[in-house]
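Trainee: Please pick one part of this model and go through it closely. I would like to know what is there and how its neighbours are placed.

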Amino acid sequence: MFDHEPVPGRNDPCWCGSGKKYKKCHEASDMKMERLYDDGEEVLPRSLLKMPRDIEGIKASAAVNMGVLDYVGEHIRAGVSTMDINEWVESYLSAHGAVSADLNFEGYPYSVCTSINDVVCHGFPNNDDVLQDGDIINVDMSTIKGGYFSDSSRMFCIGEVSPERRRLVEVCHESVKAGLAAVKPWGHLGDVGAAVHKVCTDAGFTVIEEYGGHGIGKEFHEDPFVSFVSDPGTGPILVPGMCFTIEPMVNAGKPGIRTDRSNGWIVRTRDGSDSAQWEVQLVVTEDGYELLSW
Ligand code: MF3
Ligand code: CO
């Protein structure tokens, strides 16, 4: 098979562990993947596909992840520091038997990313960063529970936000919805990125190329890399059971970014313009997608 993994006999148990006979389970999907591979398409290994029990595990993790973001949404306001948010996150997670996927990930020192205004991503929670009227902030939350990973982020507008900032936040959100609408089983991942990109650039914004979405489930970051600067009809084939995020970083100004050299993490726009990001996590289904975390 294209992924160099064994193929069971038709009457043997399916490789996915469902207990069903192979011919009644993944045989047809495997044949389709093999045929697309033979046609020269990019087909990712079957080991990335999530089974119903995995989806249940991811949903339990995502319930906590979204609970944290709901809590943040209810309490965030001018006067709150981003370190306050980090503390809310830590107490919510421990009260729900979960841990942050961010904390200690490749040395990341906090439990959440808080990115204000020109901060593109990986903003450090900080006692000195006190939210002010007119700020926009992305709170990016990732949870591990029962061995499964969930990941989503939301933008919050603090008090009276300028129409320009509000439009950036809204267009970015719309672009994620357009990306979701482009998720079709047996389509291409490049269709998703292209749909996101079009909404953002049609509105006069730019999309960051250096960062993108990712497969997720049993690991924090799995294949595929999900670019939001991609062409339709390119990239890996979308197969039912694939789980990944859509999380474009969208700049009001130029797309250039700069990573803070003093910590190696905090990414800002090079021109000081504002940046927004929303992130959702989904699974490809037989007829489209199911949202897992948002
Ligand atoms: N949550 C981010 C993502 O969407 C990853 C953050 S990694 C961290 O993929 F280490 F900065 F937390
Ligand atoms: Co992510």
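Mentor: A polar contact is a pair of N or O atoms within 3.5 Å; inside the protein one atom must be able to donate a hydrogen and the other to accept it, and sequence neighbours count only through side-chain atoms on both sides. This is a predicted model, in which local features need pLDDT of at least 70 and side-chain atom pairs pLDDT 80 or more, while totals for chains, interfaces and linings use all residues. Residues are numbered from 1 along each chain, chains are lettered from A and ligands numbered from 1 as written, and side-chain values use heavy atoms, without hydrogens or water.

I choose the site of ligand 1 and the cobalt ion, and will then work outward. Ligand 1 has 14 residues around it (a heavy atom within 4 Å). Asp 102, Asp 140, His 221, Glu 247 and Glu 279 are the ones that come nearest.

Three of these side chains can be described by their polar atoms. In Asp 140, a side-chain N or O atom is 3.0 Å from a nitrogen atom of ligand 1. Glu 247 has a polar side-chain atom 2.7 Å from an oxygen atom of the ligand, and for Glu 279 the corresponding distance to a ligand oxygen is 3.0 Å. The protein buries 95% of the 330 Å² that ligand 1 exposes when taken alone (Shrake-Rupley areas, 1.4 Å probe).

Glu 247 and Glu 279 also take part in binding the metal. The cobalt ion, which is ligand 2, is coordinated by Asp 151 through OD, His 214 through NE2, and Glu 247 and Glu 279 through OE, at distances of 2.0 to 2.2 Å (donors are N, O and S atoms within 2.8 Å, or 3.2 Å for Na, K and Ca; with water absent, a site may look incomplete). Along the sequence the spacing of these donor residues is D-x62-H-x32-E-x31-E. Glu 247 is in the loop between β9 (243-246) and β10 (249-251), and Glu 279 in the loop between β13 (275-277) and β14 (280-285), so this pair ties together parts that are 32 residues apart in sequence (helices, H or I, of at least four residues and strands, E, of at least two are DSSP runs counted from the N terminus). Both Glu 247 and Glu 279 are buried (under 20% relative accessible area; exposed is over 50%, partly exposed in between).

Gly 193 can be placed relative to Glu 247. Gly 193 belongs to helix α5, residues 189-202, and is buried at a relative accessible area of 0%. Its C-alpha is 9.8 Å from that of Glu 247, and the two residues are 54 apart in sequence.

Now return to Asp 140 and look at what lies behind it. Asn 138 sits in strand β4, residues 136-145, and is buried with a relative accessible area of 3%. A polar atom of the Asn 138 side chain lies 3.5 Å from the backbone nitrogen of Asp 140. The side chain of Asn 138 also makes a 2.9 Å polar contact with the side chain of Ser 153.

Arg 154 follows in strand β5, residues 148-157. Arg 154 is buried too, at 13% relative accessible area. Its side chain is joined to that of Asp 70 by a polar contact of 2.8 Å, and a polar atom of the Arg 154 side chain is also 2.8 Å from the backbone oxygen of Trp 294. After this strand, in the loop between β5 and α4 (163-181), comes Val 161, which counts as buried at 10% relative accessibility. Val 161 and Glu 42 are 119 residues apart in sequence, and their C-alpha atoms are 43 Å apart.

Some backbone details complete the picture. Most residues other than glycine have a negative phi, and most peptide bonds are trans. Asp 223 and Pro 224 are joined by a cis peptide bond with omega about 0°, and Pro 224 is part of strand β8, residues 222-226. Positive phi values occur at Asn 104, near 70°, and at Glu 106, near 50°. Asn 104 is in the loop between β1 (99-100) and β2 (113-116), and Glu 106 is likewise in the loop between β1 and β2. Asn 104 is exposed, with 60% relative accessible area, and Glu 106 is exposed at 66%.

Technical notes: Buried < 20%, exposed > 50% of the residue type's maximum accessible area, 1.4 Å probe, protein only.
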